[in-house]
4 protein chains.
Amino acid sequence: MKHDILHRKLRAGIVGGGQGSFIGAVHHIAVELDGQAEVVAGAMSTDPQRAEASARAWYLKSSYKSFQEMAEAEASLPDGVDFVMVTVPNHLHYQVARSFLEHGIHVVCDKPMTFSLEEARALVELVEQKQLVFALTHNYTGYPAVRHARHLVRTGVIGTIRKVLVEYLQDWLMEPAERTGNKQALWRTDPTKAGIAGSVGDIGTHGENLLEFTTGLKIAAVCADLTSFIESRQLDDDANMLLRLENGGKGILTCSQVAAGEENALSIRIYGSKAGLEWHQMEPNTLLFKQPGQALQVLRTGLPYMSDEAKAATRLPAGHPEGFLEAFANVYRLAIADIRRVESGESPVGGYPTVYDGLRGMQFISKVVESSQKGGTWIAF
Amino acid sequence: MKHDILHRKLRAGIVGGGQGSFIGAVHHIAVELDGQAEVVAGAMSTDPQRAEASARAWYLKSSYKSFQEMAEAEASLPDGVDFVMVTVPNHLHYQVARSFLEHGIHVVCDKPMTFSLEEARALVELVEQKQLVFALTHNYTGYPAVRHARHLVRTGVIGTIRKVLVEYLQDWLMEPAERTGNKQALWRTDPTKAGIAGSVGDIGTHGENLLEFTTGLKIAAVCADLTSFIESRQLDDDANMLLRLENGGKGILTCSQVAAGEENALSIRIYGSKAGLEWHQMEPNTLLFKQPGQALQVLRTGLPYMSDEAKAATRLPAGHPEGFLEAFANVYRLAIADIRRVESGESPVGGYPTVYDGLRGMQFISKVVESSQKGGTWIAF
Amino acid sequence: MKHDILHRKLRAGIVGGGQGSFIGAVHHIAVELDGQAEVVAGAMSTDPQRAEASARAWYLKSSYKSFQEMAEAEASLPDGVDFVMVTVPNHLHYQVARSFLEHGIHVVCDKPMTFSLEEARALVELVEQKQLVFALTHNYTGYPAVRHARHLVRTGVIGTIRKVLVEYLQDWLMEPAERTGNKQALWRTDPTKAGIAGSVGDIGTHGENLLEFTTGLKIAAVCADLTSFIESRQLDDDANMLLRLENGGKGILTCSQVAAGEENALSIRIYGSKAGLEWHQMEPNTLLFKQPGQALQVLRTGLPYMSDEAKAATRLPAGHPEGFLEAFANVYRLAIADIRRVESGESPVGGYPTVYDGLRGMQFISKVVESSQKGGTWIAF
Amino acid sequence: MKHDILHRKLRAGIVGGGQGSFIGAVHHIAVELDGQAEVVAGAMSTDPQRAEASARAWYLKSSYKSFQEMAEAEASLPDGVDFVMVTVPNHLHYQVARSFLEHGIHVVCDKPMTFSLEEARALVELVEQKQLVFALTHNYTGYPAVRHARHLVRTGVIGTIRKVLVEYLQDWLMEPAERTGNKQALWRTDPTKAGIAGSVGDIGTHGENLLEFTTGLKIAAVCADLTSFIESRQLDDDANMLLRLENGGKGILTCSQVAAGEENALSIRIYGSKAGLEWHQMEPNTLLFKQPGQALQVLRTGLPYMSDEAKAATRLPAGHPEGFLEAFANVYRLAIADIRRVESGESPVGGYPTVYDGLRGMQFISKVVESSQKGGTWIAF
């Protein structure tokens with residue numbers, strides 16, 4: 001227990017995220033956005049010069065050569081980091097997270113949680129044993145409108161869910177970017193770094209998580225058709241999936257990284273026995289609420305009719321758009337609040353994606369790949 | 001051959017479409033919209049009073065008690081109808097169409113074309129034998145933007161098609177309307193009138209037709225999951241389908257009549273190796289053209305850059321919205337032009353959905369139902 | 001009185017609208033769209049060959065060399081035209097309309113109603129004296145959503161109107177099209193044919209009419225700034241106007257024919273003490289309803305909550321888009337119904353724009369031009 | 001000159017922004033968002049308890065009882081604040097800014113810049129004399145799409161600007177909120193705190209600034225019609241303004257705080273001799289580019305075709321929405337970079353709104369109010 005933890009900003013460390021990284025910069029802004037934490041230490045690259053330059057650009061107090069060194073050193077300091085942010089490629093998530101957890105340091109980790117389902121199971125065990133906070137940055141759950149969608153489902157306004165349509169469409173891999181030096185493309189299409197899935201792991205899991213988060217329903221079975229449209233690409237860059245939900249509802253999840261002209265088009269539509277919902281990540285402050293025979297309602301974040309949990313995730317009055325970084329910061333805000341609680345001897349409250357969501361995502365990847373490899377047959381969860 | 005046929009409006013007859021019918025009124029407006037035909041005779045209802053009142057409301061010259069009587073009588077008149085419009089429930093399409101074809105009268109028929117696949121095959125044979133015009137009102141192909149989408153695919157602007165997403169969502173059957181006297185709902189959910197499929201036949205076939213029309217590709221295999229969400233409803237009211245296209249492309253077709261708040265949301269998105277397209281029936285004069293790394297282009301009917309075939313289907317300058325009736329009328333306009341040609345001894349030119357599209361739709365229904373009945377397995381076409 | 005008038009389609013004549021005319025074709029489709037009238041006679045061009053060819057293309061029974069000849073001849077026939085459609089340039093409206101009215105024939109006329117305010121006053125007098133139907137094709141009032149907007153204002157849902165914003169933006173005159181043989185551009189920018197105003201007469205009057213129609217309020221004063229952005233153009237192609245309404249509300253009306261990239265962007269926004277409304281002609285089946293602190297409602301034509309007068313102007317279920325031609329046809333449908341009434345000895349019911357709306361439009365043009373010529377001062381109505 | 005200034009985060013102080021303040025929290029997030037500054041000191045409220053609690057909630061190192069005390073104390077510290085953020089009501093801007101400038105501390109100040117035109121002129125003089133950075137938070141200029149709009153105008157793509165339409169519509173004052181204890185409403189409708197204008201000062205100046213920023217043109221004359229729709233409200237809550245631009249172009253600026261259902265609807269449309277532009281603050285990552293006769297282009301932040309200055313204001317790839325806070329932070333980022341320059345002995349580079357923009361805004365307020373008070377006459381600038 002850290003006795004001053006309620007009266008200061010938390011101290012964060014980062015592994016990965018060196019210069020040129022997209023997601024490192026995102027974590028940096030997100031973790032500090034609400035003035036509740038400051039990044040003070042990092043092992044930002046395995047290239048020592050890049051690590052050093054990255055740490056200097058962020059004005060970090062300490063820069064380490066490796067995450068092992070950092071975990072050890074920070075754990076031994078009286079003012080060491082309170083938690084670590086894991087922003088390395090998938091195949092390293094597990095060992096980095098484990099290293100910090102074993103040193104008693106809380107973890108916020110990128111998704112998909114691990115390289116393999118086995119690692120995911122081991123991580124669950126470790127987190128349960130250590131009783132530390134483990135947050136997974138399924139950041140799209142941080143949007144107020146997504147939280148309000150969940151609220152409307154939970155409170156019965158939508159009725160029994162019958163049909164869910166989830167899409168996540170991008171185009172950044174529609175050419176073989178991995179062959180032209182794009183670092184992001186390189187590791188994400190490499191089975192030794194990304195795991196058994198390409199688009200399904202990178203963005204499909206966001207879709208799966210969004211579906212289960214908002215509907216409160218588990219996917220019960222999947223029938224998947226995965227494709228690599230780029231010659232010589234080893235992992236899927238496109239996937240079409242039929243879903244059966246645990247309550248008898250049906251669904252579709254489609255993801256693609258070869259969908260010409262699509263930027264980051266994550267969306268969900270939920271149809272229940274009473275009403276429907278529609279949300280698009282690229283216009284995130286709007287939630288469409290559809291009742292048969294009645295006027296379509298355009299719900300907007302920041303307005304008085306929104307639920308308390310949507311309001312808690314909103315910083316600005318209506319019409320002042322909040323975006324991706326603010327949603328990402330909402331995951332951090334909730335995780336930081338729980339770290340304060342745990343370090344004060346209180347029980348964690350949650351509200352952010354955890355190690356169990358990470359396990360679920362890894363199971364999803366596993367079932368989807370199995371279904372597609374068997375020619376597109378139904379696989380139960 | 002009718003020697004005056006180029007110098008007068010054509011004379012049309014109608015079977016079905018009596019008062020209260022939605023589609024009868026649509027056909028009436030559509031067939032006359034361009035001043036090329038006039039409805040003059042009808043067998044509008046099996047209820048004699050309703051038939052009479054309907055004919056009077058349309059100022060028809062002749063009202064018949066049955067389609068058989070009408071076919072016979074009109075065929076014997078010197079100024080009998082040039083063609084007939086078939087707007088009765090599915091299970092009657094075949095016999096009505098056959099009756100008029102056998103009397104040498106051209107036919108414009110509602111979709112799905114017949115009650116069964118067998119009837120569809122018989123109709124193909126009859127049309128081929130009679131050498132008469134047979135047009136099927138897959139009206140959505142009549143939209144200028146849909147025709148321009150096809151043009152862009154054909155001219156190679158989209159590249160090799162990789163992924164196609166088709167949706168057709170409605171909510172009018174989300175309650176058991178067939179139990180509360182809704183006549184439309186009654187026959188469309190009755191397997192003795194609608195055939196083996198519900199939503200798949202009624203709207204899924206529009207999706208299938210739109211996909212094959214715009215992409216020029218055949219569906220090669222389907223994996224379908226059909227559901228009846230309303231208790232005691234005998235036919236599907238919702239369907240999710242994975243598609244494999246003949247060129248290796250993949251697709252999704254989803255249709256629903258229980259999607260809360262959806263009006264008539266037919267849409268198609270096409271992603272190729274070079275560019276993508278998106279079209280929504282409810283905003284029909286807009287076609288989105290998506291190229292990676294370039295500005296999204298909003299193509300609009302009526303503007304100079306549209307293709308000749310889009311222009312030929314457009315009546316007004318840009319910004320003067322044309323809608324459902326105008327698209328429907330485009331099918332009629334093309335069919336009427338062919339009737340004039342055939343009656344003048346020329347060869348028909350086509351451009352509208354024909355008996356072969358109708359057969360294709362019936363095959364689609366058959367494969368989809370088979371796939372779903374087998375638990376959602378892949379069925380090749 | 002014509003005793004058979006309830007049991008047949010009405011017979012219409014047309015003056016103007018010869019081949020190549022945009023608005024002639026619009027009138028043709030609109031007048032016949034509901035199967036209540038048929039165009040049978042025309043004086044479609046002052047060029048005899050074009051007149052003849054145009055009449056033949058429409059399968060007219062009679063083609064005349066001049067409107068005078070047509071008025072006289074048709075008036076003397078037992079089955080002459082019941083009404084005439086006036087689709088010639090502005091400077092001829094008055095004499096054509098007068099000629100038919102004096103022969104006892106009802107009139108449907110394009111806007112702006114006349115060339116000058118004096119002619120407008122004379123026409124009012126003539127119509128009052130003749131007791132014939134005179135409809136003005138301010139077609140935008142025919143849209144169901146516009147009628148529903150008026151309904152919401154009338155029933156007090158909007159409260160006291162405070163602010164109204166009307167726009168009508170096009171770009172078809174942003175180059176000097178009148179110098180490159182565009183016939184439409186030629187007469188519309190010619191003060192001897194169009195009158196004292198350019199864009200204000202052609203489209204600004206639609207804005208004025210839409211504002212007064214939906215709000216039920218009169219414009220009390222205007223402060224206008226008119227511009228001709230194209231060198232040597234004699235009439236305004238752009239206008240910005242501040243409005244004061246009779247109830248103390250304020251408004252803006254802007255119109256332009258040089259607004260790059262705009263097609264036919266007529267819109268109105270109404271803000272009252274209780275709620276607001278927004279409608280865009282280019283997406284005409286949608287009406288936005290805005291209440292402070294509540295969800296924006298997207299009202300859609302064809303749905304059960306629409307008012308009776310919106311429903312009466314709607315032919316199709318929701319989601320089947322109706323457009324410009326259907327709205328235009330609604331004006332005709334109402335006028336035709338009144339012609340039937342008047343010819344049956346009943347009183348006309350109205351509901352369509354009349355000679356008084358035409359006079360109002362001419363007054364508006366006069367005040368706006370005066371204000372601008374005085375440097376942009378306030379002119380009371 | 002501060003010799004370490006390039007190797008550390010800057011230290012910021014804040015005046016105002018105590019708990020419950022909307023804009024204080026915005027400044028807090030914005031100034032720290034890019035990890036270039038940290039708020040360390042504050043005089044956050046004149047209420048000592050609120051000041052103390054606010055400072056504690058932000059983990060500030062120093063909390064002062066008054067801005068005078070803070071200016072003096074911080075100026076004397078070796079590690080005192082590098083700049084101050086002024087977030088108090090308008091009538092205090094001048095004296096707070098002056099106090100810090102006189103102590104050699106850079107200033108970032110809310111808009112409108114001062115209470116009166118006289119104060120604005122005095123402030124210009126003081127800033128020129130002190131050679132310190134003075135940034136004004138016309139935050140909407142911080143959006144990448146706004147910067148790209150300016151770029152397109154500057155590079156001649158739009159041609160000669162003919163017409164500009166600017167709107168800023170809200171509804172938060174449509175009821176007399178100032179009589180029900182809303183603190184924001186209270187001072188903003190109070191002429192002793194807000195100055196001579198209400199909505200024109202609060203949001204109209206944003207519109208004026210956006211117009212002049214993007215077009216590079218000065219407003220040459222205005223004709224304004226201001227209204228207070230709420231009884232007993234002393235300042236305008238609605239304004240309609242005709243504009244004449246220095247190049248002969250025309251414009252409209254309308255702002256309202258009584259427009260039912262509007263959230264924060266700032267938008268600009270620019271029409272030139274070659275092309276047009278349209279931008280809406282509530283969908284800030286989209287810029288519409290309109291060329292006559294060509295497809296509407298939807299330009300999106302984060303894509304490769306954007307200009308360098310738009311890219312410099314963008315943190316995320318396309319499709320990851322950035323919003324109000326990021327735009328606000330862009331103003332801070334540019335100002336902080338200039339503070340670093342000035343403190344390093346370099347010349348400032350600018351790129352953010354300055355004291356001259358603040359003066360321009362105060363002149364605008366003055367001319368607009370004069371025009372309206374004279375009954376809506378044209379007033380030259």
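Which residues does F83(C) touch, not counting residues up to four places away in sequence? The list is L10(C), R11(C), A12(C), G13(C), V31(C), A37(C), I105(C), H106(C), V108(C), Y332(C), I336(C) and I339(C). This is a predicted model.

**Nonpolar cores**

F83(C) belongs to the largest nonpolar core, which has 226 residues. F83(C) is among the residues with the most contacts inside that core. The others are F83(B), F134(B), M241(B), F134(C) and M241(C). A second, separate core has 225 residues. Among its members are I219(A), L226(A), W58(D) and V369(D). In soluble globular proteins, nonpolar side chains tend to be buried together.

**How chains A and B are related**

Two copies of a chain are related by a rotation about an axis and a shift along it. Take chain A and lay it on chain B. The turn is 180°, the shift along the axis is 0.0 Å, and the RMSD is 0.0 Å. That is the relation of a two-fold axis. In chain A, the C-alpha nearest this axis belongs to T377(A), at 3.3 Å. Of the interface residues of chain A, 100% are also interface residues in chain B, so the copies meet through the same surface.

**Strand 10 of chain A**

Is strand 10 of chain A, residues 250-256, mostly covered or mostly open? It is mostly covered, with seven of its seven residues buried. In a regular strand the side chains alternate between the two faces of the sheet. Here both faces are covered. One side holds K250(A), I252(A), T254(A) and S256(A). The other holds G251(A), L253(A) and C255(A).

Strand 10 of chain A pairs with strand 7 of chain A and with strand 9 of chain A.

| Partner of strand 10 of chain A | Sense | Bridges | One bridge pair |
|---|---|---|---|
| Strand 7 of chain A (residues 161-169) | parallel | seven | K163(A) and K250(A) |
| Strand 9 of chain A (residues 238-245) | antiparallel | seven | N240(A) and T254(A) |

Strands 9 and 10 of chain A form a hairpin, with four residues between them. In the turn, G248(A) has a positive phi of about 95°.

**Helix 1 of chain D**

Helix 1 of chain D spans residues 22-32. Nine of its eleven residues are buried, so the helix is largely enclosed by the rest of the structure. The buried residues include I23(D), H27(D), H28(D) and E32(D). What do the buried residues of this helix pack against? They pack against strand 1, strand 2, strand 4 and helix 11 of chain D. At the start of the helix, a side-chain oxygen of S21(D) reaches to within 3.3 Å of the backbone nitrogen of I23(D).

Note on methods
Residues numbered from 1 in each chain as written. Chains lettered and ligands numbered in written order. Predicted model: local features only at pLDDT ≥ 70, side-chain atom pairs only at ≥ 80, totals over all residues. Heavy atoms only, no water. Buried < 20%, exposed > 50% of the residue type's maximum accessible area, 1.4 Å probe, protein only. Helix = DSSP H or I, 4+ residues; strand = E, 2+ residues; numbered from the N terminus. Contact = heavy atoms within 4.5 Å. Polar contact = N/O pair within 3.5 Å; in protein donor to acceptor, adjacent residues only side chain to side chain. Least-squares fit on C-alpha atoms with pLDDT ≥ 70 in both. Core = buried A, V, L, I, M, F, W, Y, C linked by side-chain atoms within 4.5 Å. Pairing = 2+ DSSP bridges.
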